[in-house]
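Subject: Handing over the structure

Hello,

Here is the structure I promised to pass on. Please open it and keep it beside you while you read.

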Amino acid sequence: MARKKNVPGTNLCLQGFSRVMLKKSGKVVGDSGWCGPNMIVNGGIQQFILNLIGKTTGSLQVAGMALGTSGTTASDATIMAGEYGGTAKRIVPTVATTQRAASNQTATLQFSGSWGSASNSGNSNISNIGLFEQTAAQGSLFAANTYASSQWSNNQDVFASYQIRISFS
């Protein structure tokens, strides 16, 4: 049996990347750099991608972003380990998209947000970031990413970007 050739533009790759920066008085004092690829959890694939495309019951959309104090998220996770401040500290991110220019290029969905120094009651270790369905109540996790641990002081602001990149080959 002959092997089928790949048709250009039909192989899909979906990955997430994040960047977290600490700023004090407007100056960058910590920067994770772009980290990834991330972990899109099983529920993220089912509820946020497949059910949404199929417009089926149980489809979800990203509506919140959170920081965390723990490490890597497992593929079967429904919450992010060590979510800082619980759901009370989730923010509603700003969302922007780019369109791919050709069938073999990347399109990006970027979530951006920030936490002011008042969000941190003391010095906190932060080392992961996640995207969720809800901002206030316990919501489903879409994806999470881990980066080198940073010390967030209560006189620093946090700025974060989380990109979901779709590339075709």
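Below is what was found in it, with each term explained where it comes up.

**Ground rules**

This is a predicted model: local features need pLDDT of at least 70, side-chain atom pairs count only at pLDDT 80 or more, and totals for chains, interfaces and linings use all residues. Residues are numbered from 1 along each chain as its sequence is written, and side-chain values use heavy atoms, with hydrogens and water left out.

**Overview**

The protein has 1 helix and 9 strands. Helices (H or I, at least four residues) and strands (E, at least two) are DSSP runs, numbered from the N terminus. Along the sequence, the pattern reads β-β-β-α-β-β-β-β-β-β.

Of the 169 residues, 38% are buried. Buried means under 20% relative accessible area, exposed means over 50%, and partly exposed is in between (1.4 Å probe, protein chains only). The protein exposes about 9100 Å², and carbon and sulfur atoms supply 51% of that area. Accessible areas come from the Shrake-Rupley method with a 1.4 Å probe; for residues, only the protein chains shown count as cover.

Now look at contacts, meaning heavy atoms within 4.5 Å. Take those between residues at least 6 apart in sequence: 70% of them join residues at least 24 apart.

**The sheet of 5 strands**

Strands of a sheet pair through backbone hydrogen bonds, either parallel or antiparallel. Here, two strands pair if DSSP finds at least two bridges between them.

One open sheet has 5 strands in the order β2-β1-β9-β6-β5, with antiparallel pairing. Its edge strands are β2 (27-31) and β5 (94-97), and each pairs on one side only. From one strand to the next, the twist averages 25 degrees. Axes are lines fitted to C-alpha atoms, for helices over the stretch in contact, and angles run from 0 to 180 degrees between N-to-C directions.

Start with β1 (residues 12-24) and β9 (residues 157-168). They run antiparallel and are joined by 12 bridges. L14 has I166 in β9 as its bridge partner.

On to β1 and β2. They pair in the antiparallel sense over 4 bridges. M21 has D31 in β2 as its partner. The two strands form a hairpin with 2 residues between them. In that turn, S25 has a positive phi of about 55 degrees.

At the other edge, β5 pairs with β6 (residues 106-115), antiparallel, over 4 bridges. V95 is matched with F111 in β6.

**The sheet of 4 strands**

A second open sheet has the order β3-β8-β7-β4, also with antiparallel pairing. β3 (39-40) and β4 (64-68) stand at the edges with a single partner strand each, so one side of each has no neighbour in the sheet. Inside, β7 and β8 run antiparallel and are joined by 8 bridges. S124 stands opposite W152 in β8. The helix α1 lies across β3, β7 and β8, at about 130 degrees to β8.

Where is S127? It is in strand β7. S127 counts as buried, at 7% relative accessibility. Leaving out residues up to four places away in sequence, S127 touches several residues, including G68, S70, N145 and Y147. The C-alpha atoms of S127 and G82 are 9.2 Å apart, although 45 residues separate them along the chain.

N120 is in the loop between β6 and β7 (124-132). N120 is buried too, at 3% relative accessibility. Beyond its neighbours within four places in sequence, N120 is in contact with Y84, W152, S153 and N154.

**Rings**

How many aromatic pairs does a search of the whole structure find? It finds 2. Rings of Phe, Tyr and Trp (its six-membered ring) pair if their centres lie within 6.5 Å; planes under 30 degrees apart count as stacked, over 60 as edge-to-face and the rest as tilted. F48 and F142 have ring centres 5.0 Å apart and planes at 50 degrees, so that pair is tilted. F48 lies in α1 (residues 42-53) and F142 in β8 (residues 141-152), so the pair ties together parts 94 residues apart in sequence. Both F48 and F142 are buried.

Charges also sit over rings. The cut-off: NZ of Lys or CZ of Arg is within 6 Å of the ring centre and within 35 degrees of the ring normal. The charged end of K23 sits over the ring of F159, 4.7 Å from its centre. R165 lies over the face of W34, at 5.8 Å from the ring centre.

Best wishes
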